[in-house]
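Subject: Structure handover

Hello,

Please find the structure below. My notes on the cysteines and on one arginine follow it.

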Amino acid sequence: LWNLRDDAQPLPAHWSVTPAHQTFVGGHTGYRRLEDPVTVWRAMRLTATGRVGVVDRLEAAGAHRIRTPLHLAPGVTVGAVDGDRVRLEAGGQEFSLTWQGAGWRCTREPARVVLPTSRLCWSWEGAGPTELAWQLAPGAGAPTDEAMLAELREAVRAAARGAAPAA
């Protein structure tokens, strides 16, 4: 604890608000301390209809094992992982969680916390940059909003290039 260093600096962020959605794009340097440094970027969007979209971009030259958990609140019921989709239920409402990303897989795990809960964990092994996109939408069979994820992918790639995101 006493050897912690201030090595996780935020990278330039973008925030936009419209009547239809709110979008955040940013990154951090927390994993640049690794032997093969990794830069993390994230684009997130919350729509007025209750849909959430996220695109993570991890940039590295060498091989890495990456795990990205999504901790769920107590009381959220998690259905079986079915390819690139899982059904969630909370407060009497159903939600559809979908994801995309070459080589990424998702598993359901019990969370190790005081309250019983679940988490979904995406994992990936490989070299070079990778992206994981996921979306949470109201309704058990809600389709993925491909246009939103495409806009978020472009925004996170623009931020990684040092350009202002258009999202």
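**Cysteines**

The closest cysteine sulfur to that of cysteine 106 belongs to cysteine 121, and at 7.6 Å it is too far for a bond. Please keep in mind that the model is predicted. Seen from the other side, the sulfur of cysteine 121 has cysteine 106 as its closest cysteine partner, again at 7.6 Å and too far for a bond. A disulfide needs the two sulfur atoms within 2.5 Å, and by this rule the count of disulfides is zero.

Both cysteines fall on the buried side of the cut-off, which is under 20% relative accessible area. Cysteine 106 is buried because its relative accessible area is 12%. Cysteine 121 counts as buried because its relative accessibility is 2%.

**Arginine 57**

Arginine 57 is part of strand S4, which covers residues 52-59. With a relative accessible area of 16%, arginine 57 is under the 20% limit and therefore buried.

Which side chains does arginine 57 join through a polar contact? One is that of glutamate 59, with a contact of 2.9 Å. Another is that of glutamate 131, with a contact of 2.8 Å.

Leaving aside residues up to four places away in sequence, arginine 57 touches Thr39, Val40 and Trp41, then Pro129, Thr130 and Glu131, and also Val156, Arg157 and Ala160. Glu131 thus appears twice in these notes: in the list of residues that arginine 57 touches, and as a polar contact partner of its side chain.

Regards

Note on methods:
Residues are numbered from 1 along each chain as its sequence is written. This is a predicted model: local features need pLDDT of at least 70, side-chain atom pairs count only at pLDDT 80 or more; totals for chains, interfaces and linings use all residues. Side-chain values use heavy atoms; hydrogens and water are left out. Helices (H or I, at least four residues) and strands (E, at least two) are DSSP runs, numbered from the N terminus. Buried means under 20% relative accessible area, exposed over 50%, partly exposed in between (1.4 Å probe, protein chains only). A polar contact is a pair of N or O atoms within 3.5 Å; within protein, one must be able to donate a hydrogen and the other to accept it, and residues adjacent in sequence count only if both atoms are side-chain atoms. Contact means heavy atoms within 4.5 Å.
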